[in-house]
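Below are some notes on the model you sent, set out as numbered points. They start with the strands, then move to a helix, a loop cysteine, the charged pairs and a surface patch.

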Amino acid sequence: MRTNRISDKVHYIGVNGRSANLFESLWPLPQGVSYNSYLVVGSEKTAIIDGVEVSYALQQIDAIKSIIGDRCPDYLIINHMEPDHSGAIRVLREAYPDLTIVGNAQTLAMVKGFYGLDVNTLAVKDGDQLVLGDDLTLKFALTPMVHWPETMVTYLEQEKTLFSGDAFGCFGALNGAVVDSDMDTSPYYPEMIRYYSCIVGKYGQFVQRALKKLEGLEISTICSTHGPVWRDELDKVVDLYDRLSRYEPLDNGVTIVYGSMYGNTERVAEAAADALAQSGVRKIRVHNAAVSDLSYILSDLFTSAGVIIAAPTYSDSLFPPVAHVMEAMSVRGLKNRHVVLIGSHTWSPQSVKKMSACLETCGLELTGDPLSFKQAPTDDVLGAARSLASALAEKLVNRQQ
């Protein structure tokens, strides 16, 4: 297996999951995903930092052997226990019986719970250090709920390298190069936003705590568990995570999410989109909630400052695909957006009521009163939708100023 040297002391021993279709059995992976693992070689000790998905365990072992031969690595440091990183633990322990598993107390409890291993472990606390020789020292910082309760990061002091776990990660396999300076990174940024909005989006306050905790560290390289190793574009990546975790829109565009059984609600959504364009909004993203994958909808919702949601009543409730989107928004605590609501019905006007109730759980600002119409949209209804969209566009212009 090919390995990449990140420095004289740090080696990439990760793998690409190009055959994976879904992440967490939920989120599409059109470009696959990387499972990043690293080998740190000190003058006296060696440490594997994070693992790989279990089906790639033998490839990881081959990579380790290509660097240190038949020598047994001394430590396996687990920053995050999700099985796409910890799945190979048992295989690694069988290959290297003397390997010491390193993690915090919650990590080690999960190691036992997932894999039945509780011997030759080393518990570390916030601020603890692990010396690999007179040349290398690893320091640990606990970052709970980014995005599991046991998550932590590992800092290689001498090289100013942060092994960040899932933080700063993104979807997309690595195409030959590992470090950002050796590749075109542009495809990874949309996938970072999608990754964040789907996986980490609920935990913005904890990401903010982690960022503040790490402010005092001088960091020149970030080695996450998914996506490129960040060096040249490190500041851009940290800024993006900071903005996303503060629920700050990334642009003044509008995302329209609609559901429509027979085309009536769709007509109103299209009228709103047209009015936005006429008002000068250039970034307009339109999703049919019954067709678009939720991950792309969430990514656009985390990006846009404006949101329009339009849906019919269904079985005296909200059209299920749109209800699913709104539930996902609520779970993630999406806030700091300007929102327009449009609901349709044939005899029971429940859609607007259900959408409004959902918005009460988020910090979202309604633009105008919700628009509710019965059966097919009249010219007056289409005009009202246009007016609401124009008012939303005006708010976005004022926000920009």
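1. Strand 8, residues 46-49, is covered on both faces. Thr46 and Ile48 lie on one side, Ala47 and Ile49 lie on the other, and all of them are buried. In a regular strand, side chains point alternately to one face of the sheet and to the other. Please keep in mind throughout that this is a predicted model.

2. Which strands pair with strand 8? Strand 7 (residues 38-41) runs antiparallel to strand 8, and four bridges join the two. Within this pair, Tyr38 has Ile49 as its bridge partner. The two strands form a hairpin, with four residues between them. Strand 9 (residues 75-77) also pairs with strand 8, here in the parallel sense and over three bridges. Ile49 stands opposite Ile77 of strand 9. Ile49 is thus a residue to look at from both directions: Tyr38 is its partner in strand 7, and Ile77 is opposite in strand 9.

3. A second set of pairings involves strand 13 (residues 137-142). Strand 12 (residues 129-131) is joined to strand 13 by three bridges, and the two run antiparallel. Gln129 has Lys139 of strand 13 as its bridge partner. The hairpin of strand 12 and strand 13 has five residues between the strands, and Gly133 in this hairpin takes a positive phi near 145°.

4. Strand 13 is also antiparallel to strand 14 (residues 152-156), with five bridges joining them. Here Leu142 is matched with Met152 in strand 14.

5. How far apart are the end C-alpha atoms of helix 10 (residues 320-332)? They are 18 Å apart. This agrees with expectation, because 13 residues at 1.5 Å a residue should span 18 Å; the expected span is taken as 1.5 Å times one less than the number of residues.

6. The buried residues of helix 10 are Val322, Val325, Met326, Ala328, Met329 and Arg332. They lie on the same side of helix 10, because the arc they cover around the axis is only 155°. Arg332 is listed among the buried residues, so a check of its side chain may be of interest to you. Just after helix 10, Gly333 takes a positive phi of about 65°.

7. Cys170 is located in the loop between strand 15 (161-165) and helix 5 (188-200). Is Cys170 buried or exposed? Its relative accessibility is 0%, so Cys170 counts as buried, the cut-off for buried being under 20%. The C-alpha atoms of Cys170 and Ser224 are separated by 8.9 Å, although the two residues are 54 residues apart along the chain.

8. How many salt bridges does the model have? The count comes to 16. One of them joins the side chains of Asp118 and Lys112, at 3.6 Å from N to O. Asp118 counts as partly exposed because its relative accessibility is 44%, and Lys112 is partly exposed as well, with a relative accessible area of 49%.

9. Asp128 forms a salt bridge with Lys125, with 3.8 Å between the closest N and O atoms; the cut-off is 4 Å. Asp128 is partly exposed, with a relative accessible area of 23%. Lys125 has a relative accessible area of 57% and is therefore exposed, since exposed means over 50%.

10. Asp242 and Arg246 form a salt bridge in which the closest N and O atoms are 3.1 Å apart. Asp242 counts as partly exposed at 21% relative accessibility, and Arg246 is partly exposed with a relative accessible area of 36%. Asp242 and Arg246 belong to a network of salt bridges that also links Arg243 and Glu248.

11. The last point concerns the surface. Met261, Tyr262 and Tyr314 make a nonpolar surface patch of about 380 Å². Tyr262 is found in the loop between strand 17 (251-258) and helix 8 (264-278). Tyr262 is exposed because its relative accessible area is 75%.

Notes:
Residues numbered from 1 in each chain as written. Predicted model: local features only at pLDDT ≥ 70, side-chain atom pairs only at ≥ 80, totals over all residues. Heavy atoms only, no water. Patch = residues over 30% accessible without salt bridge, like charges linked within 9 Å, V, L, I, M, F, W, Y side chains within 5 Å. Areas by Shrake-Rupley, 256 points an atom, 1.4 Å probe, with all protein chains shown as cover. Buried < 20%, exposed > 50% of the residue type's maximum accessible area, 1.4 Å probe, protein only. Arc of directions from axis to C-beta. Pairing = 2+ DSSP bridges.
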